Amino acid sequence: MRITQLLTEETIILDLKAGSKQEVLSELIGQLDRAGKLADPNLFQSDIQAREDQSTTGIGDGIAIPHAKSKAVKSPAIAFGRSLDGLDYESLDGQPAHLFFMIAATEGANDDHLEALSRLATFLMDSKFRDRMLAATTKQEVLQAVTDKESEVDGTGTEAVDAGSTPSASGKKILAVTACPTGIAHTYMAAEKLNERAKERGIQLKVETNGSSGVKNRLTDAEIAEADAIIVAADTKVEMARFAGKPVIQTKVGKAIYETDDLLDRAIGGDAPEYKHDRTKEDANDGDSKGGFYKHLMNGVSNMLPFVVGGGILIAISFFWGINASDPASPDYNEFAAMLNTIGGGNAFFLMVPVLAGFIAMSIAERPGFAPGMIGGLIAITVTGVEEASGGSGFLGGLIAGFLAGYVTLLVKKAFSVLPDALEGLKPVLFFPVFSIAITGIIMMLVNPQLTKVYTAISSFLESLGGTNLVLVGLLLGGMMAIDMGGPVNKAAYTFGIAMLDAQNFNFMATVMAAGMVPPLGMAIATTLFKNKFTKPEREAGKTAYVLGACFITEGVIPFAAADPARVIPACVAGAATTGALVMLFDIGLRAPHGGIFVMGLVDGGITKVLFYALAIIGGAVITAIVAGLLKKKVAAAV
């Protein structure tokens, strides 16, 4: 099939109006929809975004190839858009993108369609072809450039180079495997680039591609046995057991496109560790990845983030009418402020933990895992089993519920895999939800009350600390405010502060509020000072965390803690504990139960105490930022 059967004048935009990555995606999807290529543009947008969440399709050199195989596509098609000024697409090389090819493939796309789509990807590796696309002034010139390139390739009989049949200047035999999640674009671009550079350098190379149309140029057992090194450039699962005992370099598929020479140098230079296949574990797909646990966790965090940010900001805005403006019994009551507080705190924050659990489970068990994950997360925050306890096991319980629901659903799916094909349609709508929700719910109903009892035990312990050295109590309360970000331990410390406020002891309230502000403020500062330790989404979340921390919304740090708990939680505890001790040392009292910087004027002792209070908060936040910066590892440049 010719590429121009998929790329037509109706699917070309010569001058994109978009100014951002999301706007580009929306504009190209709209063009495909107007051309009659999509049955459901909203579903296709979700599928495109799901592919972007796995890794950016901005491959560099000014090119982006967003793509997806989707039920929403009526017939395979390619949309082309161009931005002469360029825009930030989070590309692998960090440069603006100018040429955008959106590939829409049907779930049942045949080999001819897939071959045409993959050929387009390889054409884009040719700088002359890219220059011609940039210089085109009409849609017809764009199509002619594609036609001429196809004729050039077909006329010369050019195929993907198999350098295994050519002499090697290095005397080394190198093999490679390329694979991307959809197997349409990056798989073939990486293979083309590896073959091209190997041929230019006289390196004997054979590349196997794991694409949508299957494995091509498969490596044989004899070739693997003779190979001096193997490069596996993959963002999805590939067959790895066959490489046991061989020197193997595992990396991202994007690095095969833009760090080609480095990979070839490592391969011929012997800089490849021996691959040891562990059959008890899932094959590693990417030497730079953080494994399945991290992937599932981040799926939950990324989907929870809008609830944290949106809810937290609305709560903060409600404070402008007064710290008690949402309380009908307060003289400061404002109906609009109450509405904002209800939307943010009563609804967005309420859904935060169930959403976290639901999307963790969905990442593990796909769509059947979502419902049991949501139910498990809801039980985590509502079923306490303890009188006068609220909030359940909170954030930590939600994490447990998410992973529990995901793996329970996998077991349920496996158990029902023996059913006859005639019942296949009933599995996702009857058997999977009934059994996975029931099993997950029963386990959480049994476990969560025990987790909640920790909350009451900690509260009782705190109430017994009245005569203890106050600086030590401040140290303990501060650490507790940071350890689970709004969970039961945090709530125990906060409840203790409220109880002491009722008893006219204002030091404890000042301590828990100051310490609760430190985690989000500290991580926000860390994203500013140590940018190379955080991904771009985390740096963006850091900007919001400044606001949430200032408003005493500790939950603003959850996205950071969920993504890297082993490093973020200790950093937060160190800073918050320091702040708690300093507040007690300075003998600072506060009469307001909430409000962050908006209620600092209520600190007992005048402006001097306010300054000391601010110093304690800033000091703790800086400590959190420094500890986080020291503990966290640098992220890949492509992230």
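Of the contacts (heavy atoms within 4.5 Å) in the chain with a separation of 6 or more, 72% join residues 24 or more positions apart. The structure is a predicted model, in which local features need pLDDT of at least 70, side-chain atom pairs count only at pLDDT 80 or more, and totals for chains, interfaces and linings use all residues. Residues are numbered from 1 along each chain as its sequence is written, and side-chain values use heavy atoms, with hydrogens and water left out.

The chain contains 21 helices and 11 strands, taken as DSSP runs (helices H or I, at least four residues; strands E, at least two) and numbered from the N terminus. Of its 639 residues, 50% are buried, that is, under 20% relative accessible area, with exposed meaning over 50% and partly exposed in between (1.4 Å probe, protein chains only). The chain exposes about 27,100 Å², of which carbon and sulfur atoms supply 58%; accessible areas come from the Shrake-Rupley method with a 1.4 Å probe.

Helix α17 (residues 507-529) and helix α20 (residues 565-585) have axes that come within 8 Å and cross at roughly 145°. Axes are lines fitted to C-alpha atoms, for helices over the stretch in contact, and angles run from 0 to 180 degrees between N-to-C directions. On the α17 side, the contact includes N507, F508, A510 and M523, and on the α20 side V568, C572, G575 and M584 are among the residues met. The residues of this contact divide into 12 nonpolar, five polar and no charged; Ala, Val, Leu, Ile, Met, Phe, Trp, Tyr, Cys and Pro count as nonpolar, Asp, Glu, Lys and Arg as charged, and the others, Gly among them, as polar.

The largest nonpolar core (buried Ala, Val, Leu, Ile, Met, Phe, Trp, Tyr and Cys residues joined through side-chain atoms within 4.5 Å) has 60 residues, of which M513, M523, F560 and Y613 touch the most other members. Helix α17 provides the largest share of this core, 13 residues. Residues up to four places away in sequence aside, M523 touches F534, V557, F560, V568, C572, T624 and A628. Another core, of 48 residues, lies apart from it and includes L14, L99, C180 and V253.

A18 is located in the loop between β1 (12-13) and α1 (21-34). This residue counts as buried because its relative accessibility is 11%. Residues up to four places away in sequence aside, A18 touches E23, V24, E27 and L87. A18 and S83 are 65 residues apart in sequence, with a C-alpha to C-alpha distance of 8.1 Å.
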